[in-house]
Amino acid sequence: MVGTEIVTDEGLNNAYVNGLIQTNNGSLEAKLDELRKLLGKSDDDPLRIVSVGAGAWGSVFAAMLQDGYGHLRDKVQIRIWRRAGRTVDRATAQHLFDVINSREDVLRRLIRRCAYLKYVEARLGDRTLYADEILKDGFCLNMIDTPICPLKVVTNLQEAVWDADIVINGLPSTETHEVFEEIGNYWKERITVPVIISLSKGIEAELEPEPKIITPTQMISRSTGIPMENILYLGGPNIASEIYNKEYANARICGAEKWRKPLAKFLRQPHFTVWDNGDLITHEVMGGLKNVYAIGAGMVASLTNESATSKSVYFAHCTSEMIFITHLLAKDPEKLAGPLLADTYVTLLKGRNAWYGQKLAKGELTLDMGDSIKGKGMIQGVSAVKAFYELLSQSHLSILHPEEKKPVAPVELCPILKILHKILISREAPSQAILQALRDETMNDPRDRIEMAQTHAFYRPSLLGQ
């Protein structure tokens with residue numbers, strides 16, 4: 001199976017929308033033609049879009065493009081890459097079989113494609129399914145309960161990306177550098193420069209020779225040599241399964257004006273509004289920060305039996321820390337409002353990082369199980385806690401403590417980040433310590449931290465290598 005393209009049959013002749021065929025293509029075709037013209041595509045050369053990584057959001061993003069534009073096969077080719085060889089365990093195969101039989105549209109689709117029997121055999125334990133194999137039929141391993149449309153799956157990375165015009169980064173931040181470094185090797189002989197849209201929400205810390213944050217878009221640029229003006233970030237209040245089920249959602253695509261405006265128009269759908277914004281740094285950093293604080297939100301929700309009061313207190317303190325940290329990194333960051341605030345809210349409320357925090361607090365998961373969880377994928381908040389803590393603990397980045405009037409590392413003004421590091425990374429404290437930190441009588445009003453940040457006195461451009 002390695003090195004082959006898995007091509008779907010009749011399912012890709014039409015655009016599927018939760019089992020329904022989308023037939024209106026006038027405005028969609030016009031948007032596609034506009035983007036093709038901008039990218040300099042000739043009439044006989046299809047626009048090639050590939051999603052790298054097949055987690056829940058990467059798979060749904062590719063599926064939405066397939067739903068919208070897949071029927072225009074002469075003008076666009078949409079594919080997704082994932083590694084071959086990942087097996088589906090029997091318990092998951094049994095659950096998948098139940099999901100299939102609960103959805104008449106999915107059941108009929110598999111029968112038409114002569115693909116149903118293998119799921120019966122897997123349910124009985126007579127056959128092993130593979131993640132790339134089921135993705136071809138519209139099942140993401142990290143989102144089994146929400147079938148998507150059939151996708152063209154490629155398991156050879158070079159084949160997937162070598163001539164791609166638009167690459168979607170659906171990888172975790174922890175895998176982005178490694179995979180795009182390999183991609184960079186394949187692109188050394190390229191004449192045209194592709195456009196890359198990163199969905200990754202996480203950051204890494206680099207401490208030598210100078211401490212700084214490395215965002216996924218920066219990792220991609222470093223690894224491939226693609227200029228930052230051709231790399232964009234898309235984020236917003238997006239729960240993958242809900243978006244594919246047509247819950248109304250919005251997002252921002254951030255980066256250079258040349259690409260963000262036409263791409264926002266191209267990606268916009270009736271249930272998925274996409275705006276454009278020039279502040280890539282703040283949005284990408286906030287994308288990593290929200291995962292950090294979502295783990296704590298899950299712990300607070302579990303430990304207080306979903307107390308609205310406790311969760312709101314936590315929300316006030318964690319958002320003030322997020323604002324403080326972004327002002328360290330950017331001189332005039334985008335305000336935590338609108339889609340940025342909504343993204344934080346939904347992630348703290350329901351994202352996989354909040355789920356992880358809840359399970360830890362209940363004792364249903366342990367830290368020894370790692371941060372890659374079956375059925376959920378990578379919990380990116382764990383590595384982000386480590387990265388932000390290490391970065392903001394550097395003594396030579398010291399700032400003046402407003403009350404003690406002495407130099408301290410920036411992390412000393414982020415008590416929630418500190419306690420999350422003690423719980424998740426150094427393992428010096430149990431999950432219950434998150435409540436002790438909230439109830440600390442010496443903790444300042446969150447407004448004080450925000451006002452300090454907005455003085456610009458703490459701005460440290462070196463933290464982003466500037």
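Me: Helices are DSSP runs of H or I with at least four residues, strands are E runs of at least two, and both are numbered from the N terminus. With that in hand, which helix holds S173?

Reply: S173 belongs to helix α8, residues 173–186. Mind that this is a predicted model, where local features need pLDDT of at least 70, side-chain atom pairs count only at pLDDT 80 or more, and totals for chains, interfaces and linings use all residues. Residues are numbered from 1 along each chain as its sequence is written, and side-chain values use heavy atoms, with hydrogens and water left out.

Me: Why is S173 called buried?

Reply: Buried means under 20% relative accessible area (exposed is over 50%, partly exposed in between, with a 1.4 Å probe and protein chains only). S173 has 1%, so it counts as buried. Its contacts (heavy atoms within 4.5 Å) are with S200, G202, I203, E204, P216, M219 and Q380, leaving out residues up to four places away in sequence.

Me: P216 and M219 are in that list. What makes helix α9 largely enclosed?

Reply: Helix α9 covers residues 216–224, and eight of its nine residues are buried, so the rest of the structure largely encloses it. P216 and M219 are among the buried ones, along with T217, Q218, I220, S221, S223 and T224. After α9 comes G225, with a positive phi near 80 degrees.

Me: On to an arginine. Why does R79 count as buried?

Reply: R79 has 8% relative accessibility, so it falls in the buried class. Its place is strand β5, residues 76–81.

Me: How do you know that the side chain of R79 makes a polar contact with E159?

Reply: A polar contact is a pair of N or O atoms within 3.5 Å; within protein, one must be able to donate a hydrogen and the other to accept it, and residues adjacent in sequence count only if both atoms are side-chain atoms. The R79 side chain reaches the backbone oxygen of E159 at 3.2 Å, so the pair passes the distance limit.

Me: Why does C414 not form a disulfide?

Reply: A disulfide is a pair of cysteine sulfur atoms within 2.5 Å. For C414, the closest cysteine sulfur is in C318, 11 Å away, so it is too far for a bond. The total for the model is zero disulfides. C414 is buried, at 0% relative accessibility, and C254 is buried at 0% too.

Me: What makes a void a cavity here, and how many are there of 30 Å³ or more?

Reply: On a 1 Å grid over the protein atoms alone, a cavity is a set of points where a 1.4 Å probe fits but cannot get out; a pocket is an open set with protein on both sides within 12 Å along at least five of seven lines, and lining residues have an atom within 4 Å of a point. Points join across faces, edges and corners, and volume is the space filled by probe spheres set on them. One cavity qualifies. The largest cavity has about 40 Å³, and its lining is Y233, G235, G236, H283, P339, L340 and D343. α14 (338–350) and β13 (231–235) each supply at least two of those residues, with α14 giving the most, three.

Me: And what lines the largest pocket?

Reply: The largest pocket has a volume of about 1300 Å³. It is lined by 48 residues, of which G55, A56, N142, R352 and K376 are the closest to its centre. Here too α14 gives the most, with four residues.
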